[in-house]
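I set out to record two helix packings and one loop residue, taking each in turn.

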Amino acid sequence: MPGERLKVTCRPARTEDTDDVMELTHTIWDGEDYVPQVWQGWLADTQGVMAVAEYAGRVLGLGKLTRLAAGQWWLEGLRTHPEFEGRGIAASLHAYLVDAWRRNGDGTLRLATASFRKAVQHLCDQSGFTKVGEFSPYRAAALQGSDQGFQPLEESQAEAALASLQASPVLALCSGLIDLGWEWCAPFLAHLVENARQGGAYWWRTERGLILLREDRDDESGEALLSLQTLACQVEDLPALLSDCRRMASTLGYQYVEWHAPLQPAAMAALEIAGYVRSWDASVYIYAQEHPNRTG
């Protein structure tokens, strides 16, 4: 239950905070919190800010400011110890990290929160953020048959692919954002180069469209599935592209394909035509704000 607001000290995290952070996160999401897996990497990040909230010598919260690309920043990992929820710790951390970005960052700051996280949405409304997008996963079984016209993107084609992606009406449906894996940002060249290098980028039907993909896992079964990070094409071509992605999933040995799709009528209509079904009742809200003084 909410209690008196705690006057915590927000500061950069240190290695000696590790035990407190592991204790804080071990019951979150029934023990499936991802923070323990990324904690050491977050500590080592010299471009962002890994912050904790300390009270009486004990870490009771944490949060991370990450630089995704030039002028593109992301807030993530906001956590409060379950025994101290409702006492202003998350609000203090949020304010500390936003202030760090305003002092040392530039461009655009974004974050994601679930549609049922009303407290985080309230924080966003109170701290200068605007809701810019809403996404939810849609899934379909793989289809037998030859995938239609996918050609691997070469690294040398990354600039052309970026231009094609930026001009895509489907990207506009996605609020101009690509999915990096529960992180959303505007497309940037290095990401396409890396996807091409790793075999996760394809032209579709002689550069009529473009897809970026990765392997993901079902939260419950742990089964691998094909996750569509980004789709680029004309809106009228989207049902055909989504159908061909189902065939591609089969070709690559996956049972299912999934897209965190924008909840826009044109996208949802295309998903229905292509046989995709929404796999989560809730959705993800994306919030953003522009730096008051420095563009990206």
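Entry 1. Are α8 and α9 parallel or oblique to each other? I kept in mind that the model is predicted. I looked up helix α8 (residues 238-251) and helix α9 (residues 265-273) and found their axes 8 Å apart, at an angle of about 45°. An angle of about 45° falls outside the classes under 35 degrees, 65 to 115 and over 145, and α8 and α9 are therefore oblique to each other. I noted that the crossing of α8 past α9 is right-handed. On the α8 side I listed L238, P239 and L242 as making the contact, and on the α9 side A267, A270, L271 and I273. I sorted this contact of α8 with α9 by class and obtained seven nonpolar residues, with no polar and no charged ones.

Entry 2. I turned to helix α1 (residues 18-25) and helix α2 (residues 35-44), whose axes come within 10 Å and cross at roughly 150°. That angle is over 145, the cut-off for this class, so α1 and α2 are roughly antiparallel to each other. I recorded a right-handed crossing for α1 and α2. From α1, T18, V21, M22 and T25 make the contact; from α2, V35, P36, W39, Q40 and L43 do. By class, I entered six nonpolar, three polar and no charged residues for α1 with α2.

Entry 3. I located S127 in the loop between α4 (118-126) and β6 (130-141). Is S127 buried or exposed? S127 is buried, because its relative accessible area is 16%, under the 20% limit. I found that the S127 side chain reaches the backbone oxygen of L123 at 2.7 Å. Leaving aside residues up to four places away in sequence, I noted that S127 touches H94, R102 and Q289.

Conventions: Residues numbered from 1 in each chain as written. Predicted model: local features only at pLDDT ≥ 70, side-chain atom pairs only at ≥ 80, totals over all residues. Heavy atoms only, no water. Axes fitted to C-alpha atoms, helices over the stretch in contact; angles between N-to-C directions. Helix = DSSP H or I, 4+ residues; strand = E, 2+ residues; numbered from the N terminus. Left-handed = near helix turned anticlockwise from the far one by under 90°. Contact = heavy atoms within 4.5 Å. Nonpolar A, V, L, I, M, F, W, Y, C, P; charged D, E, K, R; others polar. Buried < 20%, exposed > 50% of the residue type's maximum accessible area, 1.4 Å probe, protein only. Polar contact = N/O pair within 3.5 Å; in protein donor to acceptor, adjacent residues only side chain to side chain.
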